[in-house]
Structure formats: structure tokens, C-alpha cells
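Reader: Hey, got a minute to go through this one with me? I'd like to take it a few residues at a time.

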Amino acid sequence: EASPVTVAVTGAAGQIGYALLFRIASGAMLGPDTRVRLRLLEVPSAVRAAEGTALELSDCAFALLDSVDVTDSPATAFDGAEVALLVGARPRGAGMERAELLEANAGIFGPQGRAINDNAADGVRVLVVGNPANTNALIAAASAPDVPRERFTAMTRLDHNRAVAQLAAKLGCAVTDVDGVTIWGNHSASQYPDLTNATAGGQPVPSLVGQDWIESEFIPRVARRGAEIIDVRGASSAASAASAAIDHVRDWVRGTPDRWTSAGVASDGSYGVPEGLVSSFPVRSVDGRWEVVQGLPVPEFSRERIDASVAELAAERDAVRELGLL
Ligand code: NDP
């Protein structure tokens, strides 16, 4: 029998962590034949709460769950990790400046990147969920010089899934009929959910829904869905974020045979996105690597929106550089 895969989850006692861990342990992420060794990382004040979650994981008697360890040491959490889900982050406090937020998170993701560099398995795959996710991934990657940059990714899959679901609802089709949806840029309100190349049941989407719906309803709805959830649910989205994290890692490990998706990956300069920025692109997972879907038309409407979100990413990177953190 194959040895279990070590999966590290940070911020394990948080809302997303609680929605994520049970699905990983049930096999939803790595499949029904892969045993999992969970490592939960928390800040010291939340270690006890994470231990409570570990007790519940034990009580599920999951057939695929080999063990659960809880720690406040990044070196221990990432030791031998093949998958690292970086969920814990410093939330934006009231009146907090962007530079303060970036600095506080660099203080988390820099050391975690180093700990991954020094302790994780050679083929480690890292997904950053904690916000500002793209720039946190950039910082972690820069702190892990021995790990290929392509192994550090940021989650825009929730935005992608929201876009697919909104489109399917509009057209009255199944989500599985939809292909070619792209989220570009930053996981923030500046993101660009793009339907230019989308199809539904093989039909081009733009002519089915019209540019007016795309501009006045679809794009703002997707970009502001997080706020809508908070308004309606009274708490931020957690289970849908966890589900998107599962989708991202599952597709990365097992491939996307039939359709493309969106992920924040280190830019190779494709589509005019400056090299090195962790930006969302249309991607396929082939042979265990994310590949940017090449050669797509980028009309002027898209170009402006991609450029605006990428400019925000560049500004975040520059702010982190000015703080001497990159
Ligand atoms: P959540 O579990 O709800 O969220 C965790 C992070 O995910 C936040 O940065 C959040 O960003 C982000 N996120 C990304 N996408 C989404 C989305 N679609 N919806 C909601 N959140 C999203 O936060 P909690 O406060 O419940 O828990 C955080 C935990 O992390 C705490 O237990 C804390 O102790 C821990 N922590 C652990 C660290 C570590 O392990 N070293 C370091 C720092 C914190 P946003 O804030 O923008 O919603």
C-alpha cells in the first residue's frame, strides 16, 4: 500500500479550515485511494481549538485518514508536506492601511515560505487562500528559493466557480455544460471575470447573454459575491472557499482533462502580465503542472480590465518591496 500523503493546513482552527479538513480527510481532494496525514498549523492561541477539530476528525473514523498532528511550529507542520494549504492570514483591521496589511502578512508568509523551503517534500504544491492571496503567494515563493516558483499558487477558483454558477443559472444549463470561463488578475474586487471565450453546450456565450448583462450584472455580481454572502449569511463565505481549495488541488494533482479553469500562478509574461507576478490566468493542469491556456483573443474591453487588476498586483508587489520584504 502507498504511504500516506502529508497535507499541511494553516489557520486550521478558522472557518475555512473547519469546512476544509473533513473533506480532505474523506478523500475529496486526493481521491479515494490516497491516505492522508494531516498537519494542522495554528498560532499558539488557537492551537487548542485546532486540537478540538482534530478530536472530531478522529471521531469521523475516516478510512483514509492516517493521522492528525496539531502544532504551532511551521517547521513541524511542513515537514515532508506534499500539499500545503495556507489559509491562515492576518485580516484587515478597521482603519488598517494597505502597507500595514501587507507587512503583517509578510510576517506570516515569509517565515512559512522559508519553512516550506527547508522542510517540505521536493514536489510540494502550495495553495495560498489567506488574503491578500496573490501577494502572500509571491512573498512565500520569494522566501523559498529552492522550490520552483510554479509550486506557489493563489486561489481564484472560488471566483471561477462563482462565475460558472452565475452563468449556468442565467442560461438555465448545467454547470458542466460551461467551459472557457476565465478569472484574470488579482483575487480582489479588481478581478476580471471574462466570458469572451466561454461556451455553453458548445455555443459561444457572449452572443447568448449579451454584452449588457456581462457588464452590468455578471462582472459586478461575481466580483462582489463575497460581500453579498456576508450580507445574506451574516458571516463570510467559508464552505464555498474550502470547496474551491479542494477543486484547485484536486485538479492540480489529477489533471483537468476536459475543460480549463482559473488559478493564480507565477506569470511567465503571458498576456502582457509582468513576469513573476502571481496573477490569475486561464489554466489547464497537464502532467501535474498548471499550463496557461495560450493564444486566446483579448479584445479591448478585456485588455483594460486585465491591465487594471494586474496594475493592482504590481502595486502590491512594489509596496512589499518598499517595505524591504521582497
Ligand atoms: P477564515 O478561515 O474565514 O479565512 C481565512 C483566510 O482566507 C482569510 O485571509 C480570508 O480572507 C481568506 N479567504 C480567501 N478567500 C475567502 C473567501 N472567499 N471567503 C472567506 N475568506 C476567504 O478566517 P478565520 O478568521 O475564521 O480563521 C483564520 C485562522 O487563521 C484563525 O484560526 C487564526 O488563528 C489563524 N491564523 C493562523 C496562522 C498560522 O497558522 N500561522 C497565521 C494567521 C492566522 P479575508 O480576511 O479577506 O476574508
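Reader: Cool. Where does N131 lie?

Author: N131 is in the loop between β5 (125–128) and α5 (133–142). Helices (H or I, at least four residues) and strands (E, at least two) are DSSP runs, numbered from the N terminus. This is a predicted model: local features need pLDDT of at least 70, side-chain atom pairs count only at pLDDT 80 or more, and totals for chains, interfaces and linings use all residues. Residues are numbered from 1 along each chain as its sequence is written.

Reader: Why is N131 called partly exposed?

Author: Because it has 19 other C-beta atoms within 10 Å. A residue is buried if 20 or more other C-beta atoms lie within 10 Å of its own, exposed if 12 or fewer, and partly exposed in between, with C-beta atoms placed from the backbone.

Reader: Switching over: where does A12 lie?

Author: In the loop between β1 (5–10) and α1 (15–26). A12 is buried, since 30 other C-beta atoms lie within 10 Å.

Reader: And what is A12 in contact with?

Author: Leaving aside neighbours within four places in sequence, A12 contacts G17, L21, L40, L41, E42, A50 and T53. Contact means that the C-beta atoms of two residues, placed from the backbone, lie within 7 Å.

Reader: What about A13, buried or exposed?

Author: Buried, because A13 has 24 other C-beta atoms within 10 Å. A13 sits in the loop between β1 and α1, and beyond four places in sequence A13 touches E42, A46, A49, A50 and T53.
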